[in-house]
Structures are given as structure tokens and as C-alpha cells.
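Student: Could you take me through the salt bridges of this model, taking one pair closely and then setting others beside it?

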Amino acid sequence: MLLSLSKHRPIHQLAHPGNFRLGHHGNLLVDEHPVKDPKDLPHWVPHDRTPRKEAPTEVKRLLLRREAHSFEVAVRLVSERLNQGDAEVIIIDPAVEKNRHRWEQILGVIGISMERRGEPPSSHPIGHWILCLANLAHGSDAFSLENLRALSLQTSVTPFETPSEHPSESEITPSADSELLTKLARNEHVLGGPGALSKWIETLSRPPSNEKDGPVKEASQWWLLCLANSLWPLLRGPDRDLVSDSGQPIGCHTGEPLPLPDIASDGDGWLQNILSLIDLDSEMERYRGRGLSPAAAVQALVRDRETLREMQRRCGQEIPMLGPDWLDELISLAEQSSAITGGPNFSGNVSVLSPEEALGCTSELIVLANLSSSSWDLRVPKAPFLGEGERHSLGILRPDSPIRDARHSLQHILHASPEVVILDPSMDETAPPAAPIREWARDSEIEGSEWGAYQTSELETSPRDSRQADGLLIRKGKTPAKPPINPSAVSIPTDPHVQRDRERRQPSIADIDGYLPDDARKHIFSLEGLKFHGKTPSGVETPRDNQRWPVVGGKFGGKTTPSIDPRPLSPVSTGSLVSDSRHGHSGDSSQHVSVWSPTRLQTWLRCPRMGWLSRELGAGREELQGEDIDSRTYGELLHNVHHDVIAQILGFPTSEERNFDEASGQISVQRSGLHPNEIMKVALESLDSRAPWLERSDAVSTQRLRSLTGMTREDWSSWLADPSPIPPAGRVGSIVAAELEIGDSAPVSIEWMIGKDDSENVEISIPNELSSEAGIQPIKIRGWIDRVDLLPHDLESGKWINNDGDDSVAPIRVHGSGWKPKRIVAIRDLKTSESALPRNRHYKGLLEELQLAIYARAWEEAHPGDLVLAAGISVIGHNSEHLLEVSSQYSDSQKGINIGTRSSITSASHRFADEDEETQSDHFRSWLAQRLSVALKVASKAKSGKVHPTPSPGVCGYCPVRETCNVRMEGTF
């Protein structure tokens, strides 16, 4: 620019007599030999000039042991100078932008505010949400669940003008329910990206599956349609066509037409409408004077846009008005625009500048801080698409340019003030000084003095710094200047170490009988080292035949003996009241749960702290949506296909009991007379109605379609056009094949809701003599049982119901009671699993979980005369299999019937708590008593407020509140 001006007006170029190679000479417009004889000066240069006397400069060099001390030392120097009187002070920091927050904080301690800087409009919530709203329809996460959920919860910006009232139900307003959006995105597999708007509209337009969700779903549908209508000028072309061609939308619940806001003609009109919906007067009343104001954020979005529009009109440039082009222009302007922060204009006598910003500035004191090579970055920036050879040949970004500029800046700073203090980090081996500082220190005759010997007045540090100093004194065993705010918090950092030490001390060596001593239970923190099924080592009696029961396994002869679930774990307290109270041993967090569910009990069983935080306080993580189908959605889909096959073929609806007797109705799907291909047709029709997203062409839908049906997309489309019986294949086919293997068990209910006498819960209790702990109170249970089957008394004679049986509720211990059942029942719980060994999932459900036992007893309580003699996990996977743990007495008498894969794992492990090793009682019923006892004890511990953590890799790995637990296990993550 100066060279261009020199063509019209002469410019007098003054050169500094410094070294040209090092850059001390300054910048030259034209590299010409300087004029040394005054006679050779041009006529327009004044001849009678008196040279200015150079003012002496005092330069001090303070050596720091750590570069981080620069902040404290600089502020001490500034404070000392200001205490002597009013003065202009400049602090030079090469990394000022990175350290701005730190400077603001430490200068604020002595009552100094840094000069205000411009900030982009996105730094204010209004600007942020306007840009998020504009960008909602674009990118790889367009209309994603996370963006829609965040937009529905924010209150800074109104996304559209409220339309007229609902035609029929005034309580329905356009508002999005974040939980409903999360559920729909998970179940319908709606991901963000191109085409997501169409998927959302399609999903929300379907009638709700649950009538209770109807008003909420229609409100969310209306909200999304209003949002899409408002964003019409900003949408991509296909999305604009979708909105324009959709016509009058109909509510998914009421069937009434939904009014929509008017569509803006272009992007500028949309922005004007959005800004007009903001109540700036109210926003400015709430503004506290710090940061970017609401008015400044709005002005920053509008000011540069108006200037750009005027320039475009004058130049005749085509103005983008719709879609991605308009959005790119908005985002680009917003990134480059800025507005001054704060309230009234600010002026101060202390400035923090970079070396480049300090050129031309003078003051009474200059302090150079943060002068290490890492803080003063002198690297040459990379030139894109340009190699080193080309860069050198063209003279672009010369390698020595940054250091030459740095030398020039340093020379100016050293002469810009009568007093200059350089905070030299030469004593810090981890942060050597930058090259200009090393050169100056080598060439100058100024000896550096260590900071400790340089005396300044005492400076009042910040509360954080004083607390940190007190903490260091406490760690050294010295008395702090001020007592801790919360003395109990001093021991918090030791919690993980104490917990790991206690876990290492967990007993593992078995007693003489092969099991841990009884007094070892109070020191058990985790189940990771225990096993609940497997062969008992030689020389050790099985748990059922052992002299004492229940037992916990340990190391015996190099092998681990099996255990009976010792939970709920109640490790003994440490004896430190502060630590024990913090870790849930005080009992101050008592829970009053009127009705329990098996899932909630299982969460408390795994870890009381997890149950308390996630279930009672709702402190879990916000759910994020992955690219693949959510495991819960996938499991629920397979559950529903299984239920639909049974309900349609056997002719009874879901969640209702089937009136089955020997004379009426089909016994099972296998005995219905249908060919397996016809059953597969029923299953595929259910799959099509339950998962319409399988018709999409994305990779996830294609892969899941192949996994579920064994079909390609073309095969699936052909089959949908003409549904016909086909051979079973895929996971749906494995459901059909597994169902054909249990033809001698008669389903009587699927998805049965636990209830009795018009109540949605059942009370469960256990006699004191059958529990290992006396005085346990009964609890109320609610939930849904996946499947309940009847087992025959005698299949050959067709006897399913014993009319001579008792009409009372079955006792838990039937052996020796004389009680006779009318019906024999099997409880099945469906689980999806990728494991190749379904039996392991079955064992886990029996020995480590509570659902099967709770379901079994809840059914008996609600159906007097029924006796549960079998329970197990029906694993749905690549090879589905129905597994049942069956009472030996029943299994031995009914060996030839097909009721599924039988197991008797509890026959060697369980007996009643009041029996000795000579017991003859049924192992299945004793298993039921033990699991019910565990469930009741879990509820009792929760009621007493025992919310101590029981961390382990298996528990912490899937804990939703692990981020808030300071004793969590980290080993496997």
C-alpha cells in the first residue's frame, strides 16, 4: 500500500542503523543505499532538524525458576508501580490470546480489568442458537436427535412464530418432548444427515402405539412441522420440495389438520423473522454487564450483512437467497464479525499486548512475560499446496521472517519505556527462552538477578491461590493460614487408594471345607473372582451337600470353588466417620420405594451407589444415538416378533391370559398344524409391521435385514410385494425353529403385567426360616413377564390341570407340606445375545439376576393353585434356544416331553437356609427362596440408606453414573 502511495506522493524512508541480516534495521519499502550527506536530500525534506536526545532506558532482567511464575511476578511488579502513583504500564505476552483468561483472573485480584476485546456473536446464547437453528438442516448431523433435543430444551431463541390454536384440543401446542424424540429415534432408527427430515416426518406422522402418548406425540409432530416450515428458505433442495409438496399435515393422534406458520421467501426474510421474535428489552434487563450483550450479538449478525448486501448491489453481484449458499454466507460473516463486550466503555492504564501489538506503543513501565520458546512461537506457518522448494524460490513465508520480526519487536520494546523488566525463564530447564531473548541476554551486559532476591511489596493472592497454598501446607503436615472450608473434604483424594487397598485385601483363600470362612463376607467388595457354576474341585463337597450353607467360594488346591450369590454386599466400614459417611455407610440416604421393579432391584443389587444415583436421583448420562441399531430396540423388536407369532397362531392377545384347558385351543405353535414356512410368513409380516425402517437403503438397515431374515434388499422387496410362505432363515427364522422344539409346553400369557385383584403390583414375602436374614419386610413388585407356559401333569393322558389340587397360594417349600398344585407353570424370560453359548446367559439369569425368581413368585401370588417348577432364559440370537431350569422331581417323571433345553445347575448348589446337608427338598424351590431372599434384602438395605459403592470392572464398565464416582474401577477402560 505504501509503495502504491509513493507513486503519487513522495515518502521519506528512515532506516535504523541496526544489523540488516538480523532484522534490527526495521522494515524497508525500497532497498536503496541511504543518503548520508545532507546536501543530497530532496528539496521537500526539511534541512534544519535537531536530533532528539535519546532517553535513557533502564532494563532489568529477572531470572525465574519456572516460566509459570511470570504471571505472579508481573502482577507484583505492576501492583508495586501503581502503589507509587498513577502510571501507564504495558505487559508484553507473546501468548496473550492463550493466556487471556489467566491474565484477567490475576489482574482482577488487584482491581484491574483488561481492555475489552471483540467477540463473535456465537459467544452469546442468542447468536449461538440462531446459528445452530440455521445450520440444523445441513451437514452430516442434519436434524439429528442431539440437535433437535438441544433445540427443544433451549429458551434463548423462539424457532418459529406460534401458529393458531389446535382445531380440536387446545391443550396440544407445538412443543417437542425430548424423551419422546429420544425413544422414537432409538426405536425407528432415525439418524441425522440428508433425508433425516423425511424420516422424522414419517415417524411422527404414524399413529401412536400407546394411546397415552398420543397428545405428546402430536405436539412433537406439530413442532417439527412448524420448524421445517419456518426453515424452508434454508433447507436443501429435496427438503424444500418435501415441505412444499406435503400439503396440509394431519395430526397423528386427533386426525385434525395442523396449522403452520407462514413461509419466508428467502434467507434474509427468515433471519429478520427470527430476530423479530426476540424480546431484546427483556434480555437487556437481565444483562449483567459482562461478556457480549444480547443487543451487541444481534447487531453483529445484522451489521456486516447489511454492508455486504449494499456492496453486492453496487457491484451487480448475484445475491444468494436460499439453501446452503445463503447459510455459508451467514456462517462466514458470523465467524468474521465481532462486537465489543461489556457494558460502559472501558479505559485503563494497564494493558496486556502481544509483541506485534506493542509496536508504536510507549509507557512508563513495560514487563515482558512468558518468554519461553513454547510461548513465543517463531515457527513458519505451512503454505497449503506449496512445497518447500517452491516457497523458497518465490520468497513466500521466508523461514527467518518470524524471528526477524521478533527481533524487531524486541528492539522496539527495549526503547519504548524508561523502565523495562524482562522475566527471563533461563533457569527453567523445561522452558528455555525464545531465540530473541537468548541473543539479547548473550550480547547485553545486563546481569540477571534471581526473582527471590528481588524485593517487592506483598500482594494479596486470589482465594483459589490461597487455598492451594494452604493445601500444600496441609500435605506437608504444617498448619494452614486458614482452616479448610470443609475439613471432611481433605480426605477425598485418598478415597480411590483406600478402596483399591481394601479390594486387594479381599479374602480369597478357602477354609478347610473348600469355602471362605463366614466372617470373610464382610470384606467382600466384588464378585469378579467368584464363580457361580461349574465343577466342584476334588475333595470338596458341593454347596448343597456342604455342612454350612450358604457358602462363598475361594481358592482351594489351585482351583476356585463355586459360590452362592453373597449379595447384597455389605462391606464393613473403615472406622473413619468422614469416609464412611461419604461412602454410604451412615444410612442418611434412606429410600422409600413403594413399588419395586425387577430392573430397579437388579441395579441396586449390582451396586447400591449406582442404584441410588441413577434410579433415585436420575443422575445418569444423557443418551447418545449411535449409527447402529440400539441394542434395546433390537431386543424389543425380536421380543415383539416372538410374541406376535404366538398370539396370532394360538389366538390370544398380548398381555392377556389364555383360557386353556385340555378340551379347547391349540397347545402350542408346533402343534398348530402349520408348516414351518407358514409360521415364517407370520413372523415376517410381524417384522414388517414392527420395523418399517428395514425398507431403507442405508448400510445399517441392509445389514440388519440380512441378519434378521437372510434376505437381500431385492429379495425383501419382492417378498413384500407378494408375501408367501418361505423357509425359516436369519434370526427370525431361528425364533421359529426354536419354537418348534418346545411343542409340549402351552403358552398361557405373553407380556403379562404383574397384578392381582385389579392392582398393578403383587406383594412378595418369604418366611424368616427360609431366609439367611430374619426380619425382612415384604415388598411390592410390578413389571411384565415375557412368557408363561403351562407344563403337563401327564402328556400321554392329556392331563394339564389337576382339579384335585389346592386353591391356595403355593408355599415356597412344597416338600413335606402336602400341598398339591392344580397347574404346573414354567416362566421364560427372553434375552437377545450375540454369544455362541446361550447356556451361559441362562446360568447368569438363574444365579446372578433376580427377574426369574421374582416373576415366578409374582405369578404364584396372583394365581392360587399354580406351582412354578421351571424357569429359564430363552436366548434369541444366531441360534435361538429355550432353556429351562427344571425341578428334578418333575423332570424325572416327564423325561420325554419337549419343553426346551433342560438344566439342573441348582441341584448341586441350593438348599433351604434352615436345612442341613441331608436335605431331600426340591433344589428348584430352594433356589427360588434364595433369590427372593436376596431381592428382599436388597430392598431392605435401600430402605436403610446403605448406598455404599461396590465397584468392579464388570459393574463400572456399564455404569451410567461412573463419571461421578471417585472410586470407580478404571482398569479395563
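**A salt bridge and its surroundings**

Tutor: Arginine 925 forms a salt bridge with glutamate 860, and the closest N and O atoms of this pair are 2.6 Å apart. The pair links distant parts of the chain, since arginine 925 belongs to helix α30 (residues 923-943) and glutamate 860 to helix α28 (residues 851-862), with their positions 65 residues apart in the numbering. Both arginine 925 and glutamate 860 are buried. The model is a predicted one, and the distances quoted here are to be read as properties of that prediction.

A second pair, within one helix, can be set beside this. The side chains of glutamate 72 and arginine 76 meet in a salt bridge, at 3.0 Å from N to O, and both residues lie in helix α2 (residues 70-83), 4 residues apart, which is about one turn of the helix. Glutamate 72 has a relative accessible area of 35% and is therefore partly exposed, whereas arginine 76, with a relative accessible area of 12%, falls under the 20% cut-off and so counts as buried.

A third pair lies in a loop. Lysine 822 and aspartate 807 meet through their side chains in a salt bridge of 2.4 Å, again taken from N to O; lysine 822 and aspartate 807 are each placed in the loop between β14 (784-791) and β15 (823-832), 15 residues apart. Lysine 822 is partly exposed because its relative accessibility is 24%, which lies between the limits of 20% and 50%, while aspartate 807 is exposed, with a relative accessible area of 56%.

Beyond single pairs, Glu58, Lys60, Arg81 and Glu419 are linked in a network of salt bridges, and the count for the model comes to 46 salt bridges.

Helix packing gives another view of the model. The axes of helix α22 (residues 631-650) and helix α24 (residues 699-709) come within 13 Å and cross at roughly 35°, and the crossing of α22 past α24 is right-handed. On the α22 side the contact is made by Tyr634, Leu637 and Leu638, and on the α24 side by Arg704, Ser707 and Leu708. In helix α21 (residues 608-616), the buried residues are Pro608, Arg609, Met610, Gly611, Leu613 and Ser614, and these pack against α19 (577-582), α20 (598-606) and α31 (953-956). Just after α21, glycine 618 adopts a positive phi of about 60°.

Notes: Residues are numbered from 1 along each chain as its sequence is written. This is a predicted model: local features need pLDDT of at least 70, side-chain atom pairs count only at pLDDT 80 or more; totals for chains, interfaces and linings use all residues. Side-chain values use heavy atoms; hydrogens and water are left out. Axes are lines fitted to C-alpha atoms, for helices over the stretch in contact, and angles run from 0 to 180 degrees between N-to-C directions. Helices (H or I, at least four residues) and strands (E, at least two) are DSSP runs, numbered from the N terminus. A crossing is left-handed if the near helix is turned anticlockwise from the far one by less than a right angle, and right-handed if clockwise. Contact means heavy atoms within 4.5 Å. Buried means under 20% relative accessible area, exposed over 50%, partly exposed in between (1.4 Å probe, protein chains only). A salt bridge is a side-chain nitrogen of Lys or Arg within 4 Å of a carboxyl oxygen of Asp or Glu.
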